[in-house]
Amino acid sequence: MDRRADMHKRERRRYVIGYGGSLLLTLVVFIVAYQFGIETRGVYLTIGLLGLAQLVLQLVYFLHIDRRRSSREDLDLILFSTLVLLIIIGGTVWVLGNLAIRMHMM
């Protein structure tokens, strides 16, 4: 039973670290946007990088995806799904942008 309690304690610690890190990254994004304004140069890049850091943090601490063999398959699935979504979103933006340009030419 001691082994089980130790595993539970470790798991809870991982969730608390993940939650705290996600909360901290979210607060940093709000502080950066508040201090420098949303129209300031480089703020979008900073927000994007902090969002990417939060994605990695959540993959590691909440979804337990790391470099182990069993987790690699899950990561492949997530990356493939992300690629498909990016293709769909990018294609939609491309088509709608092209239509908007053609409509304004008339």
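**Briefing: helix 1 and the largest pocket**

Helix 2 is among the elements that cover the buried residues of helix 1. The structure is a predicted model, and the mean pLDDT of its protein chain is 89, with 98% of the residues reaching 70 or more. The points below take up the confidence of the prediction, then helix 1 and two of its residues, and finally the largest pocket.

**Confidence**

- Among the elements of the protein chain, the highest mean pLDDT, 93, belongs to helix 1 (residues 2–36), whereas the lowest, 88, belongs to helix 3 (residues 69–105).
- As a general caution, predicted coordinates should not be read in detail where pLDDT is low.

**Helix 1 as a whole**

- Helix 1 has 35 residues, which at 1.5 Å a residue should span 51 Å, and this agrees with the separation of its end C-alpha atoms, which are 51 Å apart.
- The residue that follows helix 1 is G37, and its phi is positive, with a value near 80°.
- The buried residues of helix 1 are two glycines, G18 and G21, together with S22, L25, V29 and V32, and the cover over these buried residues includes helix 2.

**Two residues of helix 1**

- S22, which is found in helix 1, counts as buried because its relative accessibility is 8%, and the cut-off for buried is under 20%.
- Leaving aside residues up to four places away in sequence, S22 touches Q54, L57, Q58 and F62.
- V28 also lies in helix 1, but its relative accessibility of 30% means that V28 counts as partly exposed, since that class falls between the 20% and 50% cut-offs.
- V28 and I47 are separated by 19 residues in sequence, while their C-alpha atoms are 9.0 Å apart in space.

**The largest pocket**

- The largest pocket holds about 240 Å³ of space, and its lining is made up of L52, L55, V56, L59, V60, I65, D66, R67, L75, I78, L79 and T82.
- By residue class, this lining of the largest pocket divides into nine nonpolar residues, one polar residue and two charged residues.
- Helix 2 (43–61) and helix 3 each supply at least two residues of the lining of the largest pocket, and helix 2 gives the most, with five residues.
- Helix 2 therefore appears in two settings in this predicted model, since it is part of what covers the buried residues of helix 1 and also contributes five residues to the lining of the largest pocket.

How values were computed: Residues numbered from 1 in each chain as written. Predicted model: local features only at pLDDT ≥ 70, side-chain atom pairs only at ≥ 80, totals over all residues. Heavy atoms only, no water. pLDDT = per-residue confidence, 0-100. Helix = DSSP H or I, 4+ residues; strand = E, 2+ residues; numbered from the N terminus. 1 Å grid on protein atoms, 1.4 Å probe; cavity = no way out; pocket = protein on both sides within 12 Å on 5 of 7 lines; lining within 4 Å. Points joined across faces, edges and corners; volume = space filled by probe spheres on them. Nonpolar A, V, L, I, M, F, W, Y, C, P; charged D, E, K, R; others polar. Expected span 1.5 Å × (residues − 1). Buried < 20%, exposed > 50% of the residue type's maximum accessible area, 1.4 Å probe, protein only. Contact = heavy atoms within 4.5 Å.
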